[in-house]
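Let's take a walk through a protein together, starting with the overall build and then zooming in on a few spots. Keep the picture open while you read.

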Amino acid sequence: MTTADTVPRSEVLFIGGRSGVGKSTAAEALHDLLVAADVRHAVIEGDTLDLAHPAPHVEHPEAHLAERNLRAVWANYRELGHHRLVYTNTVSVLEHEHLAAAMGDDPVVTAVLLRAGDDTTSARLARRAGGTVPEAQLAHSTRTAWRLDQTTADTVTRVDTDDQSPAQVARRLAFLTGWIPAEGTLGA
């Protein structure tokens, strides 16, 4: 373990976006890219931090269970020497300030809203579901995309994923964080 004087400041990449935009897939591709470059990091799928029934955020909104769990999980990673975090969650780009504060160690924040059109997300959701996606789910994804695009701060970078492979999105994310030096040096 390093001394307090040499412990690097935490850095976090928040990846948000509608269902089917490719958040988890991009995070997995980024993980692979960072592993290949031997960049120490952790990945947390934020949707699982408060996934329960009944939903904790409905029954006990004051509990802020996702933030509490993020603080605990991140503390464990920090104890093991990690200082870079990739965090995915649909609305993380709306809540990135609260989530960063919950990490408890004043991280450097990069927030990215992934975007894609209805046809692209519909096809991705259909592949994930193994068939037809209910219209209500598609409509919800479309409403969420609109809400995220309208309410996400201008300081959050928007990345369109329609014509991008997961590897291309991952390279863009790695470049935005600065965790891999230059976008042009990453190959195809």
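Helices and strands here are DSSP runs, numbered from the N terminus: a helix is a run of H or I with at least four residues, and a strand is a run of E with at least two. Counted that way, the protein chain has 7 helices and 5 strands. Starting at the N terminus, these elements come in the order β-α-β-α-α-β-α-β-α-α-β-α. The radius of gyration of the protein chain is 17 Å, close to the 16 Å that the globule rule gives for 188 residues, so the chain is as compact as a globular protein of that length. (That radius is taken over C-alpha atoms, and the globule rule is 2.2 Å times the number of residues to the power 0.38.)

Before going on, a word about where this comes from: it is a predicted model, in which local features need pLDDT of at least 70 and side-chain atom pairs count only at pLDDT 80 or more, while totals for chains, interfaces and linings use all residues. Residues are numbered from 1 along each chain as its sequence is written, and side-chain values use heavy atoms, with hydrogens and water left out.

Now for the inside and the outside. A residue is called buried when its relative accessible area is under 20%, exposed when it is over 50%, and partly exposed in between (1.4 Å probe, protein chains only). Of the 188 residues of the protein chain, 41% count as buried. Contacts tell you about the fold too, where contact means heavy atoms within 4.5 Å. Take the contacts in the protein chain with a separation of 6 or more: residues 24 or more positions apart account for 78% of them.

Let's pick out one helix, α3. How far apart are its end C-alpha atoms? They are 21 Å apart, which agrees with the 21 Å that its 15 residues should span at 1.5 Å a residue. (The expected span is 1.5 Å times one less than the number of residues.) The buried residues of α3 are A66, E67, L70, W74 and R78. Looking down the helix axis, you'd find these buried residues within an arc of 95°, so they line one face of α3. (The arc is that of the directions from the helix axis to the C-beta atoms.) A bit of background helps: an α-helix has 3.6 residues a turn, so residues three or four places apart point the same way. Covering the buried residues of α3 are, among others, β2, β3 and α4. On the other side of α3, R68 and E79 are exposed. After α3 comes G81, with a positive phi near 100°.

Next, the charged pairs. A salt bridge means a side-chain nitrogen of Lys or Arg within 4 Å of a carboxyl oxygen of Asp or Glu. The structure holds 7 of these. One of them joins E11 and R84, with the closest N and O atoms 3.9 Å apart. E11 sits in strand β1 and R84 in strand β3, so this pair ties together parts that are 73 residues apart in sequence. Both E11 and R84 are buried.

You've already met R78, and here it is again: R78 forms a salt bridge with D105, the closest N and O atoms being 3.4 Å apart. This pair links helix α3, where R78 lies, to the loop between α4 and β4 that holds D105, 27 residues apart. R78 has a relative accessibility of 17%, so it counts as buried, whereas D105 is partly exposed at 24%.

A third pair is D149 and R115, whose side chains meet at 3.0 Å, N to O. D149 belongs to helix α6 and R115 to strand β4, so parts 34 residues apart in sequence are tied together. Salt bridges that share partners join R115, D149, R158 and D160 into one network.

Finally, two more residues. Is R18, in the loop between β1 and α1, buried or exposed? R18 is buried, with a relative accessible area of 4%. Its side chain makes a polar contact with the side chain of S141 at 2.8 Å. (A polar contact is a pair of N or O atoms within 3.5 Å; within protein, one must be able to donate a hydrogen and the other to accept it, and residues adjacent in sequence count only if both atoms are side-chain atoms.) H96, in helix α4, is buried as well, at 12%. Leaving aside neighbours within four places in sequence, H96 is in contact with F14, V109, A111 and V156.
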